[in-house]
Amino acid sequence: MGNEAQPQDAAASVDFQEVQRTERFTTLRKRHRSFVFPMAAAFLLWYFAYVLLADYAVGFMSIKVWGNINVGLILGLLQFVTTFGITAWYVSYSNRKLDPIAAEIRNEIEGHEFDKSSTNIRGGAQ
């Protein structure tokens, strides 16, 4: 009962540094960063522009557009719309450009192609 063999953790036997050196991982990381960093910078600029307008351009932000709806309220709601839009765009981008490569890398890792005992086995047991 107590002497049953414990299965070895699959992640413990993977050489992750070897995985990170592969061309596919480098491509995956480059594609991810080429979307995330510019998008984060653009959104932060948009967000801080809104905050600065709300603080220093009170006259502009309080311009009535329709009834009690003013420019500040519209821009504030557009912050939410922008957040959901960026999220939807990232999901679409990830599904097309990132997930296929990540799935290939995961399948190689789970297939023990990057075991620490023998680096990058490619195609089966020895």
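**A buried threonine, a bent helix and a salt-bridge network**

At 13% relative accessibility, Thr 22 counts as buried, because the cut-off for that label is under 20%. This residue of the predicted model sits in the loop that separates helix H1 (16–20) from helix H2 (23–56). A polar atom of the Thr 22 side chain comes to 3.3 Å from the backbone nitrogen of Phe 25.

From this starting point, the view can be widened to the whole chain. The protein chain contains 4 helices and 2 strands, and along the sequence these elements follow the pattern α-α-α-β-β-α. Of its 126 residues, 21% count as buried. The surface exposed by the protein chain amounts to about 9300 Å², of which carbon and sulfur atoms supply 62%. Among contacts between residues at least 6 apart in sequence, 61% join residues at least 24 apart.

Helix H4 offers a good next stop. This helix spans residues 71–110 and bends by about 50 degrees at Leu 98. A proline, Pro 100, follows the bend within four residues. At the N-terminal end of H4, Asn 70 acts as a cap, with a side-chain oxygen placed 3.3 Å from the backbone nitrogen of Gly 72.

H4 also takes part in a feature of the surface. Val 65, Trp 66, Ile 74, Leu 78 and Val 81 form a nonpolar patch there, and together they have about 500 Å² of accessible area. Strand E1 (64–66) and H4 each supply at least two residues of this patch, and H4 gives the most, with 3 residues. Trp 66, one of the patch members, is found in strand E1. With a relative accessible area of 66%, Trp 66 is exposed, since that label applies over 50%.

Attention now turns to charged side chains. Side chains of opposite charge can pair when their charged atoms come close. The structure holds 3 salt bridges. One of them joins Glu 18 and Arg 21, whose closest N and O atoms are 3.2 Å apart. How do the two partners compare, buried or exposed? Glu 18 is buried, at a relative accessible area of 16%, whereas Arg 21 is exposed, at 54%.

Another salt bridge brings together the side chains of Glu 104 and Arg 24, with 3.2 Å from N to O. Glu 104 belongs to helix H4 and Arg 24 to helix H2, so this pair ties together parts that are 80 residues apart in sequence. Both residues are partly exposed: Glu 104 has a relative accessible area of 37%, and Arg 24 has a relative accessibility of 28%.

Which other residue does the side chain of Arg 24 meet in a salt bridge? The partner is Glu 108, with 2.2 Å from N to O. Here too, distant parts of the chain are linked, as Arg 24 in helix H2 and Glu 108 in helix H4 are 84 residues apart. Glu 108 is buried, with a relative accessible area of 9%. Through salt bridges that share partners, Arg 24, Glu 104 and Glu 108 are joined into one network.

Helix H4 thus returns in several parts of this picture: it bends at Leu 98, contributes 3 residues to the nonpolar patch, and holds Glu 104 and Glu 108, which meet Arg 24 of helix H2 in the salt-bridge network.

Definitions and conventions. Residues numbered from 1 in each chain as written. Predicted model: local features only at pLDDT ≥ 70, side-chain atom pairs only at ≥ 80, totals over all residues. Heavy atoms only, no water. Bend = angle between axes of the 7 residues up to and from the residue. Polar contact = N/O pair within 3.5 Å; in protein donor to acceptor, adjacent residues only side chain to side chain. Buried < 20%, exposed > 50% of the residue type's maximum accessible area, 1.4 Å probe, protein only. Contact = heavy atoms within 4.5 Å. Areas by Shrake-Rupley, 256 points an atom, 1.4 Å probe, with all protein chains shown as cover. Patch = residues over 30% accessible without salt bridge, like charges linked within 9 Å, V, L, I, M, F, W, Y side chains within 5 Å. Salt bridge = Lys/Arg side-chain N within 4 Å of Asp/Glu carboxyl O.
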